[in-house]
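Q: Please take one small part of this structure and examine it closely for a reader who has not met it before. Which residues surround it, and what lies beside it?

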Amino acid sequence: MNNTICSLGERKYASPLLEVNWGGRSPFVDDRLRMYYNVFTDKDHHDNKELTFELAGPREKLYFNPEETRSAIVTCGGLCPGLNDVIRSIVMVSYYYYGSKSIYGIRYGYGGLNPANGHEPIELYPDLVEDIHTDGGTILSSSRGGTENMDILVDTLEKMKINILYTIGGDGTLKGAHRISEMARARGLDLAVIGVPKTIDNDISFIQRSFGFETAFSRAGEAILAAHVEAKGAPNGIGLVKLMGRHSGFIAANAALAMNDVNVVLVPEEHFDLDGPRGLLAHLKDRIVRRGHAVLCVAEGAGQDLLENQAGPEGRDASGNLKLGDIGLFLKDQINSFFKKEGIEINLKYIDPSYMIRSAPAVPGDSVLCALLGQNAVHAGMAGKTDMIIGIWNNIYTHVPIELAISKRKQIDPHSKFWYSVLTATGQPLSMKNH
């Protein structure tokens, strides 16, 4: 796997951070410092030659002259807690620590780089972003797609004389950023492209966690609590909560661990049968007969094989994501029909808090992560790093090539200790497949 970080060229400018009093301790990071991806070894294999990451942080020498540097920030894809926190961090560090004061916000995602859409960029400065971290969403607004003609996007960046582009988004955004970086190099442009991984599902590979994820499962806990109260407040009550997670069930799994009120977690990584002696409905019936209430938590991408193409004819959204059938409403109907046939009266309450979660401000843990991702993004950009994202691994901030980060999707391993801990918390069977 290629773990080499691209650089625009020789770094000739002394960092203005050299003038900051750090109490005699240097904050600067040497490019030669690496950390191992796999931190485990055994007594017979001490020579660890696994993948390593370049460490993030300020460099003593810079590629760009900060006072002449023009930066742009773009937020893409669906809303996610922490977007404003990252924007604020990038602006504040650029402006106050590097003295780089030409910072522009690209509105409505990559589409804002297409003049035909009429979305003029806005100038970003400290007074404008001072309090935005207390609000959800993004002051730049966002959108999906906009990458149909990448030449137009690069043309706009060239006309704006942008030196550093900060792209805040998930898999689709990073693919676009990688393409922009490739095209800029082909044109001979001095353009550093730095990604900040935003995916509420926590599904970007080689990243310990992405911002917004902690807020998502924290807020999801509130929905689970409501479902639990509703379930216990009625005869044979069932609380059904649908959460985000198109391909990875980390939000549902972590929310279940955090609350310990969930009896069944359904995730995309673990297939299940609806009917049959070992299927979901049989297990749910057993739970209702024994305990009189149940709480189910389902990730949006779970059980798609049961939906018989209910996603409709459209196929994919503007970001290229496969449109999913609604597993929440499907399960609601199937559970109600099953218990009616069984002659058992139930009271099912269905909760989908997705957009309430997406639009929420970041919780403190995410705010800290966002602030540090933003800081390290500016350090990397000023040093002329490009075609990379700021990652975190074993609580250390790292540089990860975009191509490596998008090479595969991070998912729950159904054979991992983490998943077994979820099964222990819920008490559900190891498998709900009949074969």
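## A side chain beyond the end of a helix

A: In this predicted model, a polar atom of the side chain of Gln 428 lies 2.7 Å from the backbone nitrogen of Val 265. The side chain of Gln 428 is also joined to that of Thr 426 by a polar contact of 3.0 Å. Gln 428 itself belongs to the segment after α12. Because its relative accessibility is 7%, under the 20% limit, Gln 428 counts as buried.

The wider surroundings of Gln 428 can be described through its contacts. When neighbours within four places in sequence are left aside, Gln 428 touches Asn 263, Val 264, Val 265, His 283, Trp 419 and Leu 423. Separation in space can also be set beside separation in sequence. Ile 396 is 32 residues from Gln 428 in sequence, and their C-alpha atoms are 35 Å apart.

The helix that comes before this segment deserves attention next. Helix α12 spans residues 417–426, and its buried residues are Trp 419, Val 422, Leu 423 and Thr 426. These residues lie on the same side of α12, because the arc they cover around the axis is only 100 degrees. A general rule helps here: an α-helix has 3.6 residues a turn, so residues three or four places apart point the same way. The buried residues of α12 pack against α6 (250–259) and β12 (264–266). On the face turned away from that buried side, α12 carries Lys 417 and Thr 424, which are exposed. Two of the buried residues of α12, Trp 419 and Leu 423, are also among the contacts of Gln 428. Thr 426, likewise buried, is the partner in the polar contact with the side chain of Gln 428.

The chain then leaves the helix through Gly 427, which follows α12 and has a positive phi, near 80 degrees.

His 283 offers a view of this region from another helix. His 283 is part of helix α7, which covers residues 280–291. Its relative accessible area is 16%, so His 283 is buried. Apart from neighbours within four places in sequence, His 283 is in contact with Asn 263, Val 264, Gly 427, Gln 428, Pro 429 and Met 432. Asn 263 and Val 264 appear in this list and among the contacts of Gln 428 as well.

There is also empty space beside these residues. In general, rolling a probe the size of a water molecule over the atoms shows where empty space is left. A search of the whole structure finds one cavity of 30 Å³ or more. The largest cavity holds about 70 Å³ of space. It is lined by 13 residues, and the closest to its centre are Val 265, Leu 266, Glu 270, Gln 428 and Met 432. Both β12 and α12 contribute to this lining, each with at least two residues. Classed by type, the lining consists of nine nonpolar, three polar and one charged residues.

Taken together, these details place Gln 428 in a well-defined setting. Its side chain has a polar atom 2.7 Å from the backbone nitrogen of Val 265, and both Gln 428 and Val 265 are among the residues closest to the centre of the largest cavity. Met 432, also in that group, is one of the contacts of His 283.

Notes. Residues are numbered from 1 along each chain as its sequence is written. Side-chain values use heavy atoms; hydrogens and water are left out. Helices (H or I, at least four residues) and strands (E, at least two) are DSSP runs, numbered from the N terminus. Buried means under 20% relative accessible area, exposed over 50%, partly exposed in between (1.4 Å probe, protein chains only). Contact means heavy atoms within 4.5 Å. The arc is that of the directions from the helix axis to the C-beta atoms. On a 1 Å grid over the protein atoms alone, a cavity is a set of points where a 1.4 Å probe fits but cannot get out, and a pocket is an open set with protein on both sides within 12 Å along at least five of seven lines; lining residues have an atom within 4 Å of a point. Grid points are joined across faces, edges and corners, and a volume is the space filled by probe spheres set on the points. Ala, Val, Leu, Ile, Met, Phe, Trp, Tyr, Cys and Pro count as nonpolar, Asp, Glu, Lys and Arg as charged, and the others, Gly among them, as polar. A polar contact is a pair of N or O atoms within 3.5 Å; within protein, one must be able to donate a hydrogen and the other to accept it, and residues adjacent in sequence count only if both atoms are side-chain atoms.
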